[in-house]
Amino acid sequence: MELVDLYDENRLPLGRTAERGGTLNGGEYRTVVHVCVFDRRGRLLIQRRTAEKFIWPDRWDVSVGGGVDAGETSRQGAEREFREELGFPLDLSGLRPSVTVNFGGGFDDFYILTKDLPLKELTLQKEEVQAVRWASLEEVLDMLEQGTFIPYPESFLRFLFDMRTQFGFPTK
């Protein structure tokens with residue numbers, strides 16, 4: 001059984017855990033992370049989820065995403081998810097989430113960085129990821145329109161692409 005830490009609406013720890021995927025009570029929230037890796041050409045590394053995934057099967061998504069385990073920080077969860085899903089040790093030391101999106105069940109931290117990752121060096125987690133590729137904003141928006149990309153708001157996807165060059169986001 002996988003556990004997640006619980007937080008209040010101000011993201012203060014409640015000192016309790018819950019089963020991942022379980023129902024949360026009012027005033028309980030969890031943390032989810034996403035990593036958005038861009039190459040120097042401005043393309044986003046995207047992954048295609050397996051057809052067996054419970055949520056958004058067979059759809060394209062940003063580089064990596066997943067829940068933060070109990071006892072992990074957001075950064076540790078992002079590094080673990082990247083390593084598990086793409087088989088690549090990503091060091092996010094010194095990085096804070098570039099943006100946090102509040103959703104009904106918690107907080108979703110997005111880490112944005114630039115790194116030219118050779119796709120041949122990635123080892124995809126068979127249970128989670130069926131393919132990866134680099135995609136421009138136009139390609140991602142085309143997938144969104146065709147219904148093959150997770151239905152993020154178009155403005156949010158544009159925002160992620162815009163944020164890659166704002167505020168001195170580091171190259172790792």
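Which residue does Asp-69 form a salt bridge with, and how far apart are the closest N and O atoms? In this predicted model, the partner of Asp-69 is Arg-80, with the closest N and O atoms 3.3 Å apart. That pair is a good way into the structure, and the points below follow its charged neighbours before turning to the nonpolar cores.

**Around Arg-80**

- The bridge between Asp-69 and Arg-80 links distant parts of the chain, as the two residues are 11 apart. Asp-69 sits in the loop between strand S6 (64-67) and helix H1 (74-86), while Arg-80 belongs to helix H1 itself.
- Arg-80 has a relative accessible area of 10%, so this charged residue counts as buried.
- Arg-80 also forms a salt bridge with Glu-84, and here the closest N and O atoms are 3.2 Å apart.
- Arg-80 and Glu-84 are separated by about one helical turn, because they lie four residues apart in helix H1.
- Glu-84, for its part, is partly exposed, at a relative accessible area of 38%.
- Both bridges can be placed in a wider setting: a network of salt bridges links Arg-80, Asp-69 and Glu-84 with Glu-2, Arg-20, Glu-72 and Glu-81.

**A pair in helix H3, and the overall count**

- Glu-154 and Arg-158 join their side chains in a salt bridge, with an N to O distance of 3.0 Å.
- Both of these residues lie in helix H3, four residues apart, which is about one turn of the helix.
- Glu-154 is partly exposed at 40% relative accessibility, and Arg-158 is partly exposed with a relative accessible area of 37%.
- Across the whole structure, a search finds 14 salt bridges.

**The nonpolar cores**

- The largest nonpolar core has 23 residues. Which of them touch the most other members? They are Cys-36, Ile-46, Phe-149, Tyr-152, Leu-157 and Leu-160.
- Both strands and helices contribute to this core: strand S3 (30-38), strand S4 (44-49), strand S8 (106-114), helix H2 (137-146) and helix H3 (154-163) each supply at least two of its residues.
- Leu-160 is a handy residue to centre your view on: leaving aside residues up to four places away in sequence, Leu-160 touches Cys-36, Phe-38, Val-62, Phe-110 and Ile-112.
- A second core, separate from the largest one, is made of 20 residues, among them Val-35, Val-68, Ala-78 and Phe-82.

Notes. Residues are numbered from 1 along each chain as its sequence is written. This is a predicted model: local features need pLDDT of at least 70, side-chain atom pairs count only at pLDDT 80 or more; totals for chains, interfaces and linings use all residues. Side-chain values use heavy atoms; hydrogens and water are left out. A nonpolar core is a set of buried Ala, Val, Leu, Ile, Met, Phe, Trp, Tyr and Cys residues joined through side-chain atoms within 4.5 Å. Buried means under 20% relative accessible area, exposed over 50%, partly exposed in between (1.4 Å probe, protein chains only). Contact means heavy atoms within 4.5 Å. A salt bridge is a side-chain nitrogen of Lys or Arg within 4 Å of a carboxyl oxygen of Asp or Glu.
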